[in-house]
Amino acid sequence: MAAAREGDPRAVARLITLVESGDELLPDVAAALAPHTGKAQVIGLTGSPGVGKSTTTNEFVRALRAEGHRVGVLAVDPSSPFTGGAILGDRVRMQDHATDPGVYIRSMSSRGHLGGLAAATPQAVRVLEGAGCDIVLVETVGVGQAEVEVASLADTTLVLLAPGMGDAIQAVKAGILEIADVFVVNKADRDGADATYHDIQGMIGLGERAPGEWRPQVVRAVASRGQGIDDILTAVQKHRAWLVEHGELRRRREKRAAAEVEAIALGTLRERLGSIRSGTALRDAAVKVAAGETDPYAAAASLLASLA
């Protein structure tokens, strides 16, 4: 643990592996990390496959390092539904930082978890906070319209778009576009970039906001050339200042903590339910329900009471 606090990459890697594997030592690790967490700025980057998330993340890390930040990156890759494996190739695009001791990059397999993240991502963020990272970037898998889990994890959420991803009607659909604190129109040197930019601005203009409420920023970028990265950084810093000024940072982090606690509790409950399946209680309850001797709600209540 002490080595991880000093930023030793091997120690940090071992702790994240404990998190991903659900090791029995995890509660002890979490307890030791707790005093050192809750201070890092968590920034989520999400968008459809091919919009340039990894390239943008790579250049964004460069800009953050130039300002002296210690940066952690969690890049989530999709798992194969057939083999369960994952290429974990996002970090290949970030080799510029491979030898930088102020940057820690970890690829994580989604392992079938829906929402754009891996189930272990929230606890992995805590490990990176404990390892001294003052900014943690979380890059999701390539997502669709309804995969918005990153918004519940991040202080600031960047949604990346690219020209040709849809028309003005697509821009006003509910879903991922609603979670953005900052929109990044990447590959802005391509045809259609201006139309995408104006479509998003038009969508934002349709929204109703209370006085003082945050208005999502829209910036253009060509991440492959390093263009527009400073504008992204400025927009993120502006949003951070707004979060602090309006008390929203505290509210978001409390909501995030509630989601973590709930997920851990539900995970424990699922394990206990699994133990019921291996015994006779569930089978006996099913026999009674099938015979009409009791109803499924009463049977479920009885099983939950036995868990308690």
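Colleague: What covers the buried residues of H2?
Modeller: In this predicted model, the buried residues of H2 are Ala11, Val12, Leu15, Ile16, Leu18, Val19 and Glu20. An α-helix has 3.6 residues a turn, so residues three or four places apart point the same way. The cover over the buried residues of H2 includes helix H1 (2-5), helix H3 (26-33), strand E2 (71-77), strand E3 (103-109) and helix H5 (121-130).

Colleague: What should the 13 residues of helix H2 span, and how far apart are its end C-alpha atoms?
Modeller: Helix H2 covers residues 9-21, and the rise is taken as 1.5 Å a residue. The expected span is therefore 18 Å, and it agrees with the distance between the end C-alpha atoms, 18 Å.

Colleague: Which residue caps the N-terminal end of H2, and which residue follows H2?
Modeller: At the N-terminal end, a side-chain oxygen lies 2.8 Å from the backbone nitrogen of Arg10, and that oxygen belongs to Asp8. After H2 comes a residue with a positive phi, near 65°. The cap is Asp8, and the residue that follows is Gly22.

Colleague: What is the order of the strands in the open sheet, and which are the edge strands?
Modeller: The sheet has seven strands with parallel pairing, in the order E3-E2-E4-E1-E5-E6-E7. Two of the strands pair on one side only. The edge strands are E3 and strand E7 (217-220).

Colleague: What is the average twist, and what angle does H2 make with E3?
Modeller: From one strand of the sheet to the next, the twist averages 20°. H2 packs on the sheet and touches E2 and E3. Its direction makes an angle with that of E3 of about 25°.

Colleague: How many bridges join E5 to E6, and how many join E1 to E5?
Modeller: Strand E5 (residues 156-161) runs parallel to strand E6 (residues 182-185), and Leu158 stands opposite Val182 in E6. Strand E1 (residues 41-47) also runs parallel to E5, where Thr157 is the bridge partner of Gly44. The count for E5 and E6 is four, and for E1 and E5 it is five.

Colleague: How many of the residues of E5 are buried?
Modeller: Thr156, Leu158 and Leu160 point one way from E5, Thr157, Val159 and Leu161 point the other way, and all are buried. E5 is mostly covered, with the buried count at six of six.

Colleague: Which residues form the aromatic pair, and why does the pair tie together parts that are apart in sequence?
Modeller: The count comes to one aromatic pair, tilted, with 6.0 Å centre to centre and 50° between the planes. One partner lies in the loop between H8 and E7 and the other in helix H9 (residues 229-245), so the pair ties together parts 28 residues apart in sequence. With buried meaning under 20% relative accessible area, Trp214 counts as buried at 10% and Trp242 at 15%. The partners are Trp214 and Trp242.

Colleague: Where is Lys187 found, and what is its phi?
Modeller: Most residues other than glycine have a negative phi. Lys187 is not a glycine, yet its phi is positive. Lys187 is found in the loop between E6 and H8, and its phi is about 55°.

Definitions and conventions: Residues are numbered from 1 along each chain as its sequence is written. This is a predicted model: local features need pLDDT of at least 70, side-chain atom pairs count only at pLDDT 80 or more; totals for chains, interfaces and linings use all residues. Side-chain values use heavy atoms; hydrogens and water are left out. The expected span of a helix is 1.5 Å times one less than its number of residues. Buried means under 20% relative accessible area, exposed over 50%, partly exposed in between (1.4 Å probe, protein chains only). Contact means heavy atoms within 4.5 Å. A polar contact is a pair of N or O atoms within 3.5 Å; within protein, one must be able to donate a hydrogen and the other to accept it, and residues adjacent in sequence count only if both atoms are side-chain atoms. Two strands pair if DSSP finds at least two bridges between them. Axes are lines fitted to C-alpha atoms, for helices over the stretch in contact, and angles run from 0 to 180 degrees between N-to-C directions. Rings of Phe, Tyr and Trp (its six-membered ring) pair if their centres lie within 6.5 Å; planes under 30 degrees apart count as stacked, over 60 as edge-to-face and the rest as tilted.
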